[in-house]
Structures are given as structure tokens and as C-alpha cells.
Amino acid sequence: MIELKNVRKNFGSLEVLKDISISIKDHEIYGIIGQSGAGKSTLLRCINGLESYTSGSIVVDGHAVNVKDKKDLRELRREMGMIFQNFNLLSRCNVYDNVALPMRFWGINPKTPESREKIEGLIRMVGLSDKMNAYPDELSGGQKQRVAIARALVNDPKILLCDEATSALDPKITRDILALLQKINKEMGITIVVVTHQMEVVKQICERVAFLKHGVVLAEGKPEDLFVHPNKDIKKFLGEDQTNLPDTGINVQLFFTDESSDEPVITEMARELGIDFSICWGKLEEFRTNVYGSLVINLKEEDKVKVLEYLDQKKVKWEVL
């Protein structure tokens with residue numbers, strides 16, 4: 001659905017995006033994560049043509065994104081809805097009229113029976129039937145974002161771009177909004193691209209994720225693969241510190257990201273090998289519908305070989321720290 005090849009973006013002498021190549025599948029929920037200043041939002045604005053890019057290519061649904069071709073870009077943008085961190089609602093318009101705004105922009109009468117049916121259906125879908133005539137200052141942050149989502153969907157886009165869409169919301173409301181995005185993806189078949197610095201967002205809904213740092217994609221893959229077994233850059237981003245491990249013996253980190261996560265590997269290993277070891281550190285996290293995690297154990301030097309062979313036999317990923 002979206003193909004970026006060797007994309008670079010400069011602001012004067014400052015290179016913000018450096019040779020970005022990403023492929024996003026149709027109907028996928030794809031995350032772009034990184035700290036502030038990583039280039040995430042700039043990348044998203046290049047995808048929908050709000051920003052030009054210096055070199056490379058961006059193709060959306062078979063159409064090249066070219067900011068110089070205003071007519072083609074206008075048609076392409078119709079296929080892309082966008083929601084923002086600050087909601088961008090018009091304070092003088094009620095919920096119905098805010099959702100109807102894109103229709104007016106495209107010259108569609110929002111008062112016809114067909115338009116009313118669509119707008120009211122979207123407002124119901126986002127759970128705001130009782131707020132149809134309310135104004136933005138009468139709504140909570142989560143309700144405002146639901147209005148923004150309904151507005152982004154009113155022209156039947158194929159793609160929904162979310163720029164830090166949950167950053168201004170509390171954790172409970174964030175989970176509700178993410179569940180709504182999952183519902184939209186599943187029921188409407190819309191490709192969703194989520195730009196965020198929040199780990200909880202990509203863990204809950206993203207099927208794949210790209211990790212950006214200083215305009216470079218440092219890692220790409222399933223969230224459970226990237227964040228359960230992180231490289232040093234992602235460890236720094238996550239703030240993980242395992243320096244308080246025992247100085248004696250061997251410290252081994254085990255990673256559970258596949259079928260091994262359902263097996264009682266640790267207790268079986270202790271019983272079958274007849275050894276003792278200490279559990280020094282561990283974490284379990286929910287990724288979409290599964291729970292994955294990692295564990296650090298400390299064992300005796302003489303047990304190292306047979307433990308590692310046992311883990312290989314059980315297809316458990318490991319790393320000696």
C-alpha cells in the first residue's frame with residue numbers, strides 16, 4: 001500500500017530523513033516509533049504530501065507522491081485520512097459539522113439523506129451518538145479524538161495516518177482509542193500508520209514497527225521481536241538497565257517471543273538437568289493478544305554448556321550477558 005525507497009529530506013543543511021526505505025502492506029497496522037526529533041512526523045507528512053522530500057520515492061496505492069503535481073496530490077490525499085495529537089476540531093462547529101468538514105471541502109452536500117446516513121453512522125461507530133450536537137469545548141479529550149477519527153473516515157479513505165494521536169490522552173482513554181483503531185482496521189480494511197513515542201501504542205495494535213533515530217531506520221520488525229530482544233539503541237530508548245546483575249557465575253537472558261512462551265521451560269530445565277540457578281531479572285508484556293517477555297538467570301560456570309544446549313533444543317532464544 002505504501003512504498004518508500006531511499007527517501008531523504010533536508011531542511012536547508014539539516015538532513016532530517018536519511019535514506020529511509022519502508023514497505024507497508026495493505027490492511028496492516030504499522031508503527032513508526034522513536035524519540036522526539038527522530039523524524040517520525042516529518043516522514044508521515046512526506047507520505048501525505050504535506051512536506052516535499054529531497055530525494056528517493058514514495059508510492060501510495062500505486063501513485064507516486066509528488067507535491068508539484070497539485071491535481072494528482074489532491075486526489076491521492078482523498079485516500080488518506082489523518083488524525084493529530086491536538087484533534088484540530090473547529091470550536092464553532094458541533095460534532096456533526098466537524099465530521100462533515102471533509103465533505104464540504106470536496107464539494108459534497110453534508111445535508112443530503114445519503115450524507116446524513118454516513119456521518120451519523122460514523123458518529124455512532126466511534127461511540128458518540130449522544131454527542132451529535134455537542135461542541136468541542138463540551139467534550140473530553142478522548143471524545144474529541146473520536147470525533148477526529150470519524151472526520152478522517154468520512155470520505156472513505158484507504159489509509160489512516162495517526163500522528164501522535166494518543167499522546168494527549170490518559171492511559172485508559174488511550175487503550176479505548178487504540179481498540180477503536182483496531183476495530184476500524186478489521187471491519188473497514190483500512191491500512192493504518194501510527195507515529196508515536198509511546199511503547200504501549202505499538203505493543204497493543206501494531207503488527208510491524210520501524211524504530212527511527214536521527215532520521216535513520218535502526219530496526220524494523222514485529223514489536224515483540226524488537227522490544228523483547230532489543231538492540232542497544234532500543235534498550236536506551238526503553239530505559240532498560242541490567243547493570244545490577246551478579247558478578248559471579250554466568251548471566252543468561254532468555255527471550256520468549258514465539259511458541260516457547262507457552263512452555264514451562266524454566267521449571268522443566270531445573271528438573272531435567274538437576275541444577276539450581278537464580279532468577280535475576282524478568283519482564284512480561286502484552287503484544288496484541290499474546291504475552292511475551294524475557295528472563296535473566298544466573299547459573300554456575302560448570303552448568304553453562306548443558307543449559308545452553310537445553311535451550312537450543314527447546315528453541316528458546318538466549319544471550320550470555
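**Figure 1. Residues of α3 meet residues of α4 in this predicted model.** From α3, the residues in the contact are Val95, Tyr96, Val99, Ala100 and Met103. Their partners in α4 are Ser115, Arg116, Lys118, Ile119, Glu120 and Ile123. By class, 7 residues of this contact are nonpolar, 1 is polar and 3 are charged.

**Figure 2. Helix α3 crosses helix α4.** Helix α3 covers residues 95–105, and helix α4 covers residues 113–125. The two axes come within 10 Å. They cross at roughly 120°. The angle falls outside 65 to 115 and is not over 145, so α3 counts as oblique to α4. The crossing is right-handed.

**Figure 3. Asparagine 98 is a buried residue of helix α3.** Its relative accessibility is 1%. Buried means under 20%, so asparagine 98 falls in that class. What does the side chain of asparagine 98 reach at 2.9 Å? The partner is the backbone oxygen of cysteine 93. Cys93 is also among the contacts of asparagine 98 that remain once neighbours within four places in sequence are left aside. The others are Leu89, Leu90, Pro136, Val147 and Arg151.

**Figure 4. Asparagine 48 sits in a loop between a helix and a strand.** The loop runs between α1 (40–47) and β4 (55–60). Is asparagine 48 buried or exposed? With a relative accessible area of 6%, it is buried, because the cut-off is under 20%. A polar atom of the asparagine 48 side chain lies 3.1 Å from the backbone nitrogen of leucine 50. Neighbours within four places in sequence aside, asparagine 48 is in contact with Leu73, Arg77, Met80, Met82 and Leu161.

**Figure 5. The whole protein chain gives the setting for the close-ups.** The chain has 321 residues. Its secondary structure comes to 11 helices and 14 strands. Along the principal axes, the C-alpha atoms fill a box of roughly 75 × 50 × 30 Å. Of the residues, 48% count as buried; asparagine 48 and asparagine 98 are buried too. Take the contacts between residues at least 6 apart in sequence: 69% of these join residues at least 24 apart.

Methods
Residues numbered from 1 in each chain as written. Predicted model: local features only at pLDDT ≥ 70, side-chain atom pairs only at ≥ 80, totals over all residues. Heavy atoms only, no water. Helix = DSSP H or I, 4+ residues; strand = E, 2+ residues; numbered from the N terminus. Buried < 20%, exposed > 50% of the residue type's maximum accessible area, 1.4 Å probe, protein only. Polar contact = N/O pair within 3.5 Å; in protein donor to acceptor, adjacent residues only side chain to side chain. Contact = heavy atoms within 4.5 Å. Axes fitted to C-alpha atoms, helices over the stretch in contact; angles between N-to-C directions. Parallel < 35°, antiparallel > 145°, perpendicular 65-115°, else oblique. Left-handed = near helix turned anticlockwise from the far one by under 90°. Nonpolar A, V, L, I, M, F, W, Y, C, P; charged D, E, K, R; others polar.
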